[in-house]
Amino acid sequence: MTACTSAPGAPPADGIDAGARRRDASIAIDGATERDVGPRVDGGDPFTTFDRAWWERAVIYFVMVDRFSNGDRTNDGDATCTDPSAPILFHGGDLQGIVDRLDYLEELGVTAVWITPVQRQVGRRGDQCGYHGYWADLGVPDDGAIEPRLGGEAALRALIDALHERGMRLIVDLVVNHAGYGARVVGQRPEWFHPGAGCETLGDPEIYCALSGLPDFAHERDDVADYLDAMSTSFVSRFAFDGIRMDTVKHVEESYFRERWVPAVREERPGLYLLGELFDEGGYALFDRYLDAGFDGLFDFPLRRALIDSVARGGSLGAVAGRAQEAVTRWGAERARLRATMIDNHDVPRFVEEMSSASDAEKSARLRLALGVLFTVPGIPQLYMGDELGMGGTYPLNRRDMPAWAWRAEDREGAHGGALPDAARIHDEVRALARLRASTPALHAGGYTELWRPAPGGVNAWAFFRSVGESRVVVAVNGGATTISDLQVPYRTNPGIADRDRETPDGTTLMRVHGPESATARVVEGRIALTIAPRSLAVFAMP
Ligand SMILES: [Ca+2]
């Protein structure tokens, strides 16, 4: 694109009328709604209004495009940057590969696909190329080029259209913190970047110093902010994205997002779901600032850390219960429901690597329990490709290709390298959880009331209640290695339970809708008596 076409409202460089595309996509989504893809808010045109109800019900699946599926071998590129056997070069996966696997994703229960960045990448740097997408070759003027190895602009449009035809949505990854190593803009506008030497004297090193030596944009300069705003608004005007996953937000001054970037992209496409990556496991203090800057949600890294400590490593569930409660107390259930909950992404060791001393059966149980938490606490579950197969790996093998055996049920049976031996069972569990969550308003749109958390040295159980309208569930978790029998959880006296939800009479047996067959829940004298198998999560519907 040329500079003049990057202004909001300008015709896109490819000559396709953006307004027409929006109408088409909207029609496709409306049609698909009848196929039960989710409730719509009043007047909820995703291109004019943020569709909160849809997003609360979403299941996000993160695809590293180069590592998912190769749908077009003609775009693989040459050996300079492409070698499927080299862990940090391109492997050949592309956007058409995602189109080819949409049946797989839809069958799993995925409704939104998050893809790694699609901007054209800089060339080879040492032994690595930008297969991951985070090394954009930005230039002045912004040309808006899409990485040819991923299939370029045509393949991106085809993916968006294919998703929208199914009522699914696309979240695109975007980076404004930095450009790729040696990107054209670095030579064209060297003054746009923070200096390497002495950066810490300018302010907070997290913001003013380079991340891994990547050219670090100086957002405090108006010309830099103007450039990044225009690059972003041009991008979202040319393509009918439904959401943006913003990379490395804590490395950019919050005021840039609040004053510049969020208003700019929201003006261009008001329906966007804005999801920020604030990689901080230690607590939520910094999260408030970026939520207040306008992000709809952030990835819940503190909850992920608690899941590792509590579930992967077999500790007390108190840490998980604590984070679950803290998020709701801090932000309210409405806001908490728009965060993304996850156990894995491309920047962390796979969850199953966090429990090296356990048996395979134990690892599988702990993984399924953690996945169960993602689908039952307030928040949008975010899967990383391969979570549903029990894939393992630490960097760079946490970015290994989706295996050829993933796609068909009969091929998933049995043991496979690189994943837990019961991949088929884990896949079935994720599919069941996704269906349960989509069909249970309490789980995707309900409040959150803690019923029980472990006391120090006590039973390692956690239970909570969620409800909205007539939909009521009790979720019970056993984090220990032995069955918990007849645990008496106070219910009717819990001040967090609404009066209309207290009326379930004594003697009522709740219906198990997820979890081991041995799990039971019964109302006894205003309490709920729970029996839960080891290392398992059960969901009960309350009449
Ligand atoms: Ca390819």
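Is Asn398 buried or exposed? In this predicted model, Asn398 is buried, because its relative accessible area is 1%, and buried means under 20%. The residue belongs to a loop. That loop runs between strand β8 (380-384) and helix α14 (409-412).

The surroundings of Asn398 were examined next. A polar atom of the Asn398 side chain lies 2.9 Å from the backbone oxygen of Val348. Val348 is also among the residues in contact with Asn398 when neighbours within four places in sequence are left aside. The others on that list are Asn345, His346, Asp347, Pro349, Arg350, Tyr384 and Gly393.

Asp347 appears again in the description of the largest pocket. This pocket has a volume of about 440 Å³. Its lining is made up of 20 residues. Those closest to the pocket centre are Leu211, Ser212, Leu214, Asp347 and Arg399. Thus Asp347 is both a contact of Asn398 and one of the residues closest to the centre of the pocket. By residue type, the lining comprises seven nonpolar, seven polar and six charged residues.

On the scale of the whole chain, two domains are assigned. Domain 1 covers residues 3-444, and domain 2 covers residues 445-541. Their centres, taken over C-alpha atoms, are 33 Å apart. The two domains also touch: 32 residues of domain 1 are in contact with 27 residues of domain 2.

Note on methods:
Residues are numbered from 1 along each chain as its sequence is written. This is a predicted model: local features need pLDDT of at least 70, side-chain atom pairs count only at pLDDT 80 or more; totals for chains, interfaces and linings use all residues. Side-chain values use heavy atoms; hydrogens and water are left out. Helices (H or I, at least four residues) and strands (E, at least two) are DSSP runs, numbered from the N terminus. Buried means under 20% relative accessible area, exposed over 50%, partly exposed in between (1.4 Å probe, protein chains only). A polar contact is a pair of N or O atoms within 3.5 Å; within protein, one must be able to donate a hydrogen and the other to accept it, and residues adjacent in sequence count only if both atoms are side-chain atoms. Contact means heavy atoms within 4.5 Å. On a 1 Å grid over the protein atoms alone, a cavity is a set of points where a 1.4 Å probe fits but cannot get out, and a pocket is an open set with protein on both sides within 12 Å along at least five of seven lines; lining residues have an atom within 4 Å of a point. Grid points are joined across faces, edges and corners, and a volume is the space filled by probe spheres set on the points. Ala, Val, Leu, Ile, Met, Phe, Trp, Tyr, Cys and Pro count as nonpolar, Asp, Glu, Lys and Arg as charged, and the others, Gly among them, as polar. Domain bounds come from an automatic or database domain assignment.
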